[in-house]
Amino acid sequence: MKPNGKTYFKNLKCRECNRLYPKEALHVCEFDFGPLEAAYDYEAIRKDLTHSALESRPYSMWRYRELLPIDGEPTVGTQVGFTPLVRADRLAERLGVRELWVKNDSVNYPTLSFKDRVVSVALSRARELGFEVVACASTGNLANSVAANAAAAGLTSYVLIPCDLEQGKVLASLVYGTQVIGIKGAYDLVNRLCSEIAGKYGWGFVNVNLRPYYAEGSKTLGFEILEQLGWRIPQHTVVCMASGSLLTKIHKAYKEASLIGLVKETPFVIHGAQATGCAPISSAFKRGTDIIKPVSQPNTIAKSLAIGTPADGYYAIHTMRNTGGSCEDCSDDEIIEGIQLLAECEGIFSETAGGVTVACTKKLIENGSIPRDESIAICITGNGLKTQEAILGKCGEPRIISPSLREFDDRIGRELQRTPHLST
Ligand SMILES: *Cc1c(COP(=O)(O)O)cnc(C)c1O
Ligand SMILES: [Zn+2]
């Protein structure tokens, strides 16, 4: 899929001072500690990544291969991506808006969250760089994806998580035979430990020393939204935030697609969403600053978003402000309502992070940050089957009856008579 062995990916580059770095397992600038980011030859990409070139390519995230930071062909996660973009008319009606789309990464292959995108890139690059052991610091979904994709690629993996994650997330790492290390402490402590291990053991940590590669994978979610809308940029995009990386990369995707001529550059706005119980980015945004106060004790059911010191929070704030966007956060009860609203309107069972996105979208509409007659895309990033305990006992119980028609008539049939439109 990479035509004629060309390399479109040129360097790593510091986001602060633009110094160039070689394409190795590096992630911070040694002069100013700015994050390193992939840099490309956009002139060459403009010629090769065209609408007609895309027509013949398989429907996976790798159709945008020229804009991803590897040298050869992808070798890990080649089937990831191209999840449905659902026109959500019933949810739109409930929220009182005209045009609403749900990008449904809760059914991403293979581990049911958008993290398969970032891991696919990070592990393909890890192999090119010669790593034999791969690892991550995770709030759950990243661990699942590293475990599964490393297993399929025959790589040894270690995943480090806070020890109090949801059972579904822990089990969905263990099953792949990965080494799961539960840390007695919040995510920030897990992450700090991982930096130390990376230095000492020389492992490829997808979101530490391989972070520039990992982060670029998130752009594909943005490219897909544009393509699935018929090459159009939605006027508003709502993204839930943990480190804030996904939000900044959706912005980068829209910009790159405009730059290389895949889409006409039209105004767009990016909004962020967090859980109030761990809202370092949202609270800085609301205070009108870009200085983030760490949250040392996250307290929310949205555990996948519970990062107290968000690595890309500063850039996420600037992305929201520069596009004219806004930021909201929501309580645990609102998260549960958001999960239920999406499920009842669209038949999509999201994890807690998606509940955050829906609940905050509702607030952004109600407070006028999103005008009701403009196009909106919201990102649903993980699957509800992995966070079942969050809604356990909140959706009612099945009614248990004997296998008897008489009992059915008595208990259920009678209700139908009271609501005539349901009886046959
Ligand atoms: C990791 C994650 C996010 C956010 O990721 P960042 O890029 O760190 O902001 C959103 N939703 C889910 C379900 C996640 O697992
Ligand atoms: Zn620098």
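In which loop is the place of Trp 231? In this predicted model, Trp 231 is placed in the loop that runs between helix H9 (219–228) and strand S10 (236–240). The residue is buried, because its relative accessible area of 19% falls under the 20% limit. Its phi lies near 55 degrees, a positive value in a residue other than glycine. Gly 230, just after H9, likewise takes a positive phi, in this case of about 75 degrees. Helix H9 itself is largely enclosed by the rest of the structure, because 9 of its 10 residues are buried. The buried set consists of Lys 219, Thr 220, Leu 221, Gly 222, Phe 223, Glu 224, Ile 225, Leu 226 and Glu 227.

Further backbone features occur in other loops. Phe 82 is located in the loop between H2 and S4, and its phi, near 50 degrees, is positive although the residue is not glycine. The peptide bond leading from Tyr 109 to Pro 110 is cis, with omega near 0 degrees. Pro 110 belongs to the loop between strand S5 (99–104) and helix H4 (115–128). Most residues other than glycine have a negative phi, and most peptide bonds are trans.

Ligand 1 is surrounded by 16 residues, of which Lys 115, Ser 243, Gly 244, Leu 246 and Thr 381 are the closest. By residue class, this shell comprises 7 nonpolar, 7 polar and 2 charged members. Side-chain N or O atoms approach the ligand in several places. For Lys 115, such an atom is 2.8 Å from an oxygen atom of ligand 1. For Asn 141, the separation from an oxygen atom of the ligand is 2.9 Å. In the case of Thr 381, a nitrogen atom of ligand 1 is the partner, at 2.6 Å. The protein covers 97% of the 380 Å² of accessible area that ligand 1 has on its own.

The zinc ion (ligand 2) has protein donors from Cys 14 (SG), Cys 17 (SG), Cys 29 (SG) and Asp 32, the last contributing OD twice, at 2.3 to 2.4 Å. The spacing of these donor residues in sequence is C-x2-C-x11-C-x2-D. Within this set, Cys 17 and Cys 29 link distant parts of the chain, 12 residues apart. Cys 17 is in the loop between strand S1 (9–14) and strand S2 (20–21), whereas Cys 29 is in the loop between S2 and strand S3 (36–40). How does the accessibility of the two cysteines compare, buried or partly exposed? Cys 17, with 29% relative accessibility, counts as partly exposed, whereas Cys 29 is buried, with a relative accessible area of 0%.

The loop between helix H2 (51–55) and strand S4 (85–87) also holds Thr 75. This residue is partly exposed, because its relative accessible area of 43% lies between the 20% and 50% limits. Beyond residues up to four places away in sequence, Thr 75 touches Ser 124 and Arg 127. With Arg 127 the contact is polar and joins the two side chains at 3.4 Å. The C-alpha atom of Thr 75 is separated by 9.2 Å from that of Glu 128, a residue 53 positions apart from it along the chain.

Conventions:
Residues numbered from 1 in each chain as written. Chains lettered and ligands numbered in written order. Predicted model: local features only at pLDDT ≥ 70, side-chain atom pairs only at ≥ 80, totals over all residues. Heavy atoms only, no water. Near = heavy atom within 4 Å. Polar contact = N/O pair within 3.5 Å; in protein donor to acceptor, adjacent residues only side chain to side chain. Areas by Shrake-Rupley, 256 points an atom, 1.4 Å probe, with all protein chains shown as cover. Nonpolar A, V, L, I, M, F, W, Y, C, P; charged D, E, K, R; others polar. Helix = DSSP H or I, 4+ residues; strand = E, 2+ residues; numbered from the N terminus. Buried < 20%, exposed > 50% of the residue type's maximum accessible area, 1.4 Å probe, protein only. Contact = heavy atoms within 4.5 Å. Donors = N, O, S within 2.8 Å, 3.2 Å for Na, K, Ca; no water.
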